[in-house]
Amino acid sequence: QVQLVESGGGLVQPGGSLRVSCEVSGSIFMIYGMGWYRQAPGKQRELVAAISAAGSPNYADSVKGRIAISRDNAQDTVNLQMNSLKPEDTAVYYCYAKVQATTGRNREVWGQGTLVTVCS
């Protein structure tokens, strides 16, 4: 079984910074792409950032220049460093990973979500 566990969400003031992390655990042979989506109240889930197995990042236009995604392949983690946060960044942030399990099966696995609230 493969699991993703997020951490690091919380309350931050506008202009502040926050780092959220996600650890992949379980019977994994390989991790391919990883990334973060978010869902604000009353809105659809949207991509925030993604990172390939080789470490190439991709960002939503709304977060470019403010958010950085990184991954640690030795620790099987993906991180999101968020700076200059705005109230509109308030959402539940979900990490995902595309993995190949030790069974050989390819899967897309999601975390349970971590709430980020930006307000004064």
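# A guided tour from Glu46 to the nonpolar core

Begin by selecting Glu46, which is partly exposed, with a relative accessible area of 35%. The structure on screen is a predicted model. Show side chains and look for the partner of Glu46: the side chain of Arg38 meets that of Glu46 in a salt bridge, with an N to O distance of 2.7 Å. Arg38 has a relative accessible area of 6%; because the limit for a buried residue is under 20%, Arg38 counts as buried.

**The salt bridges**

The whole structure holds four salt bridges. Next, select Asp89 and Arg66, whose side chains form a salt bridge at 2.7 Å, N to O. Asp89 sits in the loop between E8 and E9, and Arg66 in the loop between strand E6 (57-59) and E7, so this pair ties together parts that are 23 residues apart in sequence. Are these two residues buried or exposed? Asp89 is buried, at 1% relative accessibility, and Arg66 is buried as well, at 11%.

Now display Arg38, Glu46, Arg66 and Asp89 together: a network of salt bridges links these residues.

For a further pair, move to Asp61 and Lys64. Their side chains meet in a salt bridge of 3.1 Å, N to O. Both Asp61 and Lys64 are exposed.

**The nonpolar core**

Select Trp36, Leu80 and Met82. Among the 31 residues of the largest nonpolar core, these three touch the most other members. At least two residues of this core come from each of strand E1 (2-7), strand E3 (18-26), strand E4 (28-39), strand E5 (46-51), strand E7 (67-72), E8, strand E9 (91-101) and strand E11 (114-118). Which strand gives the most to this core? It is E9, with five residues.

Keep Met82 selected and show its surroundings. Residues up to four places away in sequence aside, Met82 touches Gly16, Ser17, Leu18, Val20, Arg66, Ile67, Tyr93 and Val116. Arg66 in that list is also the salt-bridge partner of Asp89.

**Strands E1, E3 and E8**

Switch to a cartoon view and select E1 with E3. These strands run antiparallel and are joined by six bridges. To see one position in detail, pick Val5, which stands opposite Glu23 in E3.

Then add E8. E3 and E8 also run antiparallel, with six bridges joining them. Here the place to inspect is Cys22, which stands opposite Val78 in E8.

Proceed to Thr77, which belongs to strand E8 (residues 77-82). Thr77 is buried, its relative accessible area being 14%. What is Thr77 in contact with, leaving aside neighbours within four places in sequence? The residues are Cys22, Glu23, Met34, Ser70, Arg71 and Asp72. Two of these have already appeared on the tour: Glu23 as the residue opposite Val5, and Cys22 as the residue opposite Val78.

**A patch on the surface**

Finish by turning on the molecular surface and selecting Phe29, Met30 and Tyr32. Together they make a nonpolar surface patch of about 300 Å². Within this group, Tyr32 lies in strand E4. Tyr32 is partly exposed, at 32% relative accessibility. A residue needs over 30% relative accessible area to be part of a patch, and Tyr32 at 32% therefore meets that requirement.

Definitions and conventions: Residues numbered from 1 in each chain as written. Predicted model: local features only at pLDDT ≥ 70, side-chain atom pairs only at ≥ 80, totals over all residues. Heavy atoms only, no water. Helix = DSSP H or I, 4+ residues; strand = E, 2+ residues; numbered from the N terminus. Buried < 20%, exposed > 50% of the residue type's maximum accessible area, 1.4 Å probe, protein only. Contact = heavy atoms within 4.5 Å. Core = buried A, V, L, I, M, F, W, Y, C linked by side-chain atoms within 4.5 Å. Pairing = 2+ DSSP bridges. Patch = residues over 30% accessible without salt bridge, like charges linked within 9 Å, V, L, I, M, F, W, Y side chains within 5 Å. Areas by Shrake-Rupley, 256 points an atom, 1.4 Å probe, with all protein chains shown as cover.
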